[in-house]
Amino acid sequence: MVNSSNLRFWRGYHNSGKFDFTDMTDPHMWYPNAREKKRKVFLHVGPTNSGKTHNALKRLEASSSGVYCGPLRLLAREVAKRLNNADVPCNLITGQEREEIEGAKHSSVTVEIADVTTEYQCAVIDEIQMIGCKTRGFSFTRALLGLCSDELHVCGDPAAVPIIQRMLEPTGDVVTVQYYERLSPLVPLKSTLGSFSNIKEGDCMVTFSRREIYKLKKKIEMEGKHLCSVVYGSLPPETRTKQATMFNDEASELNVLVASDAIGMGLNLNISRIIFSTLEKFDGVRMRELTVPEIKQIAGRAGRYGSKFPVGEVTCLHAEDLPLLHSSLKLPSPIIERAGLFPTFDLLSVYSRLHGTDFFHPILERFLEKAKLSPDYFIADCEDMLKVAAIVDELPLGLYDKYIFCLSPVDVRDDISTQGLIQFAGNYAKKGTVRLKERFTSGTLRVPKTHNQLKELESVHKVLELYVWLGYRFEDSFPDRELAASQKSICSMLIEEYLERSGWQQQGQKRFLHSPRKLRQEYDASQLRGYFQEIDTRSK
């Protein structure tokens, strides 16, 4: 919660007329523990499949204590598994997971969870180019400036080097840059795929919507030669992992992948050839061309050193896309000019007291309007956070509770996910305890039949993840975290069953990849729409 010593410090400056609470020009001073050290910072930069993260992780394995900070739960889990397999006990800590190993002095975490109060011998931050991300960049800034470690290893695109060097100039850290080259060739093809009959084992078709993914999967499988795994962002992480595992398994019939840009990081995939079905995507506001970094990140997944396909190839479905693909692969990524920044809760708390209000939306909005920044930083895009703030401001909650709900992983563009947040926050404010009623039981397991039903099931999975996330932050008030986790697993199983049932054979005859589970009833969408009426808000 609020750091009382910081509050006393700020109050003293405010009373003497010397402190401006909206001055964010020196964010490195927010982390006194890190500033007490003269850290050795190593920047490992290069393209995908260049060994940069591997080398950083070797240093982490050799350290007496350490932490890995990654952008995705999948990456955090992969690193925790790697360290534990190397006989280095390692905890896994993400927003929705806590797997603690007795005696562990290492942790693998998602970057938002990074602990800037604990001292480590070694810390690793992965995919540091995301420091320029308009929504999540501030978490990478916090980790870079705040991790209290003797050695800090930072991995990512060379485009981030200048901004990192400027950010660390006032810290006194010693910065060393190591550049890497790709370990295996990536060959841009001069011809397009042509017919879908030219799809071969190890191919990955890339597109950017759920409907297009399933449409392309069907087209490929109708040729009768291949079955497809699918990977996209709104699939549950555990489902994405299983789909990737089946694709990588040489004994599996799923030897072609259809995916979104979710493959850009976080999954080790044995891809021979990337085929872009389009070089445009909807970014939530408009259709736009992929950027150079996006094209390079996705294309770079083809060809993996030491795998069955060490040489990667990349092409397009349509000839008009080839010039943009080829030119993008030749260009360096644009230099990242600024890093994301967001005020600490301590700052917002004191600011709210000065204005005599606990309404979070106007405090956050006013603070962001008046915030003073150095040219090296930008304020994170808080549009989604402000939408949540407007919801929780209607409830009798303290500022810290509102702040936590605003940081929660709710998808405000998803009606079911938003409704879940409203129910959880409302019940928390009213009762103090939010109980979850078991929804998926042996008699109500129904597999989705349509894309809309699948989408609704994915949304329910998001809500269950939200409950788990809140359960780790309000343990006494969200006591059914284990039930939510088990219901989440069942939800994932239903989605996986849908994926299995969507497989096609020659002449379009369906088949299962193995004996299907006993889930014979079809999915009833109306049950999910009524899901939140089933949430039980009994007091303890």
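Burial, cores and salt bridges in a predicted model

Tutor: Buried residues, meaning those under 20% relative accessible area, with exposed over 50% and partly exposed in between (1.4 Å probe, protein chains only), make up 55% of the 540 residues in the chain. This is a predicted model, in which local features need pLDDT of at least 70 and side-chain atom pairs count only at pLDDT 80 or more, while totals for chains, interfaces and linings use all residues. Residues are numbered from 1 along each chain as its sequence is written, and side-chain values use heavy atoms, with hydrogens and water left out.

Student: Why is Ser477 called buried or exposed?

Tutor: Ser477 has a relative accessibility of 13%, which is under the 20% limit, and therefore Ser477 counts as buried. Ser477 lies in the loop between helix H16 (451-473) and helix H17 (481-501), helices being DSSP runs of H or I with at least four residues, numbered from the N terminus.

Student: What is Ser477 in contact with, leaving aside its neighbours within four places in sequence?

Tutor: With contact meaning heavy atoms within 4.5 Å, Ser477 is in contact with Tyr428, Gly432, Thr433 and Val434.

Student: What makes a set of residues a nonpolar core, and which members of the largest one touch the most other members?

Tutor: A nonpolar core is a set of buried Ala, Val, Leu, Ile, Met, Phe, Trp, Tyr and Cys residues joined through side-chain atoms within 4.5 Å. The largest has 112 residues, of which Leu144, Leu147, Ile164, Met205, Phe405 and Phe478 touch the most other members. Helix H16 gives the most to this core, with 11 residues.

Student: How do you know where this core lies with respect to domain 1 and domain 2?

Tutor: Domain 1 (18-179) and domain 2 (186-330), whose bounds come from an automatic or database domain assignment, both give residues to this core, so the core lies between them.

Student: Why is the pairing of Arg288 with Asp283 called a salt bridge?

Tutor: A salt bridge is a side-chain nitrogen of Lys or Arg within 4 Å of a carboxyl oxygen of Asp or Glu; the closest N and O atoms of Arg288 and Asp283 are 3.4 Å apart, and therefore the pair qualifies.

Student: Are the partners, Arg288 and Asp283, buried, partly exposed or exposed?

Tutor: Arg288, at 17% relative accessibility, counts as buried, whereas Asp283, with a relative accessible area of 33%, is partly exposed. In another salt bridge, Lys402 pairs with Asp393, the closest N and O atoms being 3.1 Å apart, and both Lys402 and Asp393 are buried.

Conventions
Helices (H or I, at least four residues) and strands (E, at least two) are DSSP runs, numbered from the N terminus.
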